Amino acid sequence: MKKHLELSLGAKKCNMFFLFLPSVMLLAVFFVGPMLLTLYYSFTDISLTGTNAHALKFIGFQNFVEIFKDPKFKTVFRNTMLFLVLSGIVGQQVFGFLLAYLMQRKSRTLRKFVGFTLVVGWITPEIVAAFMFNAFFADKGTLNLIFHFFGVSPVSWLFTFPLVSVIIANIWKGSAYSMMMFQAALDNVSSEIIEAARTDGANGFQVLTKIILPMLKGTMTTTFIIVTLSTLGAFGLIYAMTGGGPGIRTTTLSVYMYQKAFATYQVGYGMAIALIILVVGVLLSLIYVRSTKSQGVR
Amino acid sequence: MLKRFLGVFLCAAMVFALAGCANTTKSGSTQSQTEDENKVIKVGVLANWVDWVKEKAKAYEAVHKGTKVEVIELVNNSDLYSKTTMMMQSEQTAPDVITEDGFMVKADAAGGYLMPLTDVLAGWEESKQFAPTIMEGGKGVDGVQYALPLSTDVQGIWYNKQMFAEAGISVPFEPKSWNDILAAAKKLKAAVTTDGFVPLYLYASKTYPEETSMRTFQTLYFGTGEDAELYDMNAEKWVVDKEKLLDVFRFVDSVYNTEKVGPTPSFAAQSGIADLLQSDYMKNKKVGMYLSGSWESSNWAKGKSHEWADGLKVWGFAKIPTKDGETPGYTTMSGGWTWAIPSKANNKEGGIDFLKFVCNKDNQLEYALQTGNLAVRNDVMNDSSYLSQEMAVTKESNEMLQYAHFRPSVDGYSQVTTLYTDCTESIAIGAATPEQAVDTFQSELTRMVGEDKVTVK
């Protein structure tokens, strides 16, 4: 006969508390702690060197006021939004979804090949991808070589179209995630519903928009949020490809934050920018969640 | 039973994972641990000189049996300075002695990262050999000596004597005004039709922040007139001199945009330019003039990375003139590196001992001969082997020293220098006209240091 340990409710709760403790502590130390420190330091003038390195002063909202008065901030914010929308939302997700949708009923070999190619991009370390695209878009790089072959004059991609180059690199890098998420979600769409809709006379497009997409709302929200947050924080790829340049043409909020904190040593200012990135991310996530809820998802 | 065991095991594993966050501070260390630390000296050195310092480390270890010298390489890229400062912030990463770029001394000393060397130098006979003016480069804002000068240098115009002769420009090249430089560049451009040829290489990119700020912007700025200053030491204010700024920006504009005798902005922004120029472009007639430091030829010496016996037969080093030849006639910037002891070093005695060793006369002489940098010790400066070096422009450089200006490395310089780079780059990439750059300069400087710390002329 098996012995069952009948724990009282209190004991159960105690058990739960101790079992959760290690993870909660890890989260507190590595997540909440730094966030609170960032919040605190963004209200000071702490810098990496000089007198403010140890004699920092509390300056209230001055960092934030400075940020909004900074003439570069508008361009940096615009770059960030363009990068986010074009490479994250439109690029990775639409591209990922289209691939997943089109791959649905194709042969296994094709699915494997496409899947593999995209995943290779995803698992490639950022720096490697950055150098790869640097070589691809360089003045004497692969793309210009192809152009030359077709008799088209070369373009200085990283100088004339830096944001486009960086966006393309990011789409290549991240689409795999969206594709895999949508693949899994599409596999869960029961074929019976689709057949029923077809018998009712719906064409392919109507099936897609009226049946499939609504059923994918949950997945869409999740991928939207995850892709947005990771694209907002994208740093390595852009920094290694263009350094944020030329000028500030590819400087996004995260690159700007790095430059302010580590190139000009104004750590407090950099932290204020970090906080802004966080706020933007949270706001966008809330918007996504609200918009999907308001459309009456069951 | 198995489930419960698994549960307990996983919990324990999670807790052990926390041990990975353990802080390996020396507080509460045992006696034997302290003894071990005293036997290791960590030396942080700029990548350019790491091979030489490794040799010195071996020599030191041979004399001091039982001591190990660990050489830490500081990679020379645009993040070098912030990395160095961050290294010195914690006891775990701070070396015991480190090479510190001269212009960072004041800021890092004010930040509390450097140990004062007053006592060390007082008890060291050889410290008297260091020229007082050069020692200024290692002092903090409070006048305390925080770093010992290791080298100094000057900026000039490297020019290809052969290509000049072929283009019909008289050699030796002795420009008396900025227009002379532009004229020579234009002649080169007309005479050389190879694709990708750079008549005049002028640093103007964020990829090379301090190079652009110091070698291009500040060198030219101090050549606009005797009264040119970037920082008013008496009033303790940063200066915005619109006329002089316009002069500098207009020159950069001429080079990059109007006359197009400079590199293409995308070429200027790629990494590893110095190596590319020394190993390829300067050897293969792909560049005509190069505004840079006196050490550029040192890598052509025997046994160095880009050995080229004909280096100084082909290339000459000219003084940079003031804008229209006004007094004093020439301008240059003197940089300079130093050795410092981080205040958070674990083995300060070891660091100090190694410092004295590596800065003694023989080693300083060796260093100067190896790197092509200018000496800072009087006894080295007068040494015959120093004066008769093969692949160094010592004679020309010594002549330039009297016209040298120094970076205003006061508190806030680390920010302001990025402004100098940004404005210069904006002209080169065509994002701003000289007039716009001057306006940006004024508004950004005011934003950075505050209105009460800026004086506008």
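**Entry 1, strand β3 of chain B.** I began at G44(B), which stands opposite I98(B) in β3(B), strands here being DSSP E runs of at least two residues, numbered from the N terminus like the helices, which are H or I runs of at least four. I noted that this is a predicted model, in which local features need pLDDT of at least 70 and side-chain atom pairs count only at pLDDT 80 or more, while totals for chains, interfaces and linings use all residues. Residues are numbered from 1 along each chain as its sequence is written, and chains are lettered from A and ligands numbered from 1 in the order in which they are written.

I then looked up the neighbours of β3(B), counting two strands as paired if DSSP finds at least two bridges between them. Strand β1 (residues 40–46) of chain B runs parallel to β3(B) and is joined to it by 2 bridges, whereas strand β13 (residues 337–340) of chain B runs antiparallel to β3(B), with 4 bridges. W337(B) in β13(B) is the bridge partner of D101(B).

For burial I took a residue as buried if 20 or more other C-beta atoms, placed from the backbone, lie within 10 Å of its own, exposed if 12 or fewer, and partly exposed in between. In β3(B), residues 97–101, 5 of the 5 residues are buried. In a regular strand the side chains alternate between the two faces of the sheet. I found V97(B), T99(B) and D101(B) on one side of β3(B) and I98(B) and E100(B) on the other, so both faces are covered.

**Entry 2, helix α11 of chain B.** I checked the span of α11(B), residues 242–258: the end C-alpha atoms of its 17 residues are only 21 Å apart, short of the 24 Å that a straight helix would reach at 1.5 Å a residue, the expected span being 1.5 Å times one less than the number of residues. Its buried residues include L245(B), F249(B), V252(B) and Y256(B), and the buried residues pack against elements of chain B, among them α9 (178–191), α20 (413–428) and α21 (434–449). Just after α11(B), K260(B) takes a positive phi of about 50°.

**Entry 3, chain A and its contacts.** I recorded that chain A averages a pLDDT of 86, pLDDT being the predictor's confidence in each residue, from 0 to 100. Counting residues as in contact if their C-beta atoms, placed from the backbone, lie within 7 Å, I found 25 residues of chain A in contact with 28 residues of chain B. On the side of chain A that touches chain B, α1(A) gives the most, with 5 residues.

Conventions:
Two residues are in contact if their C-beta atoms, placed from the backbone, lie within 7 Å.
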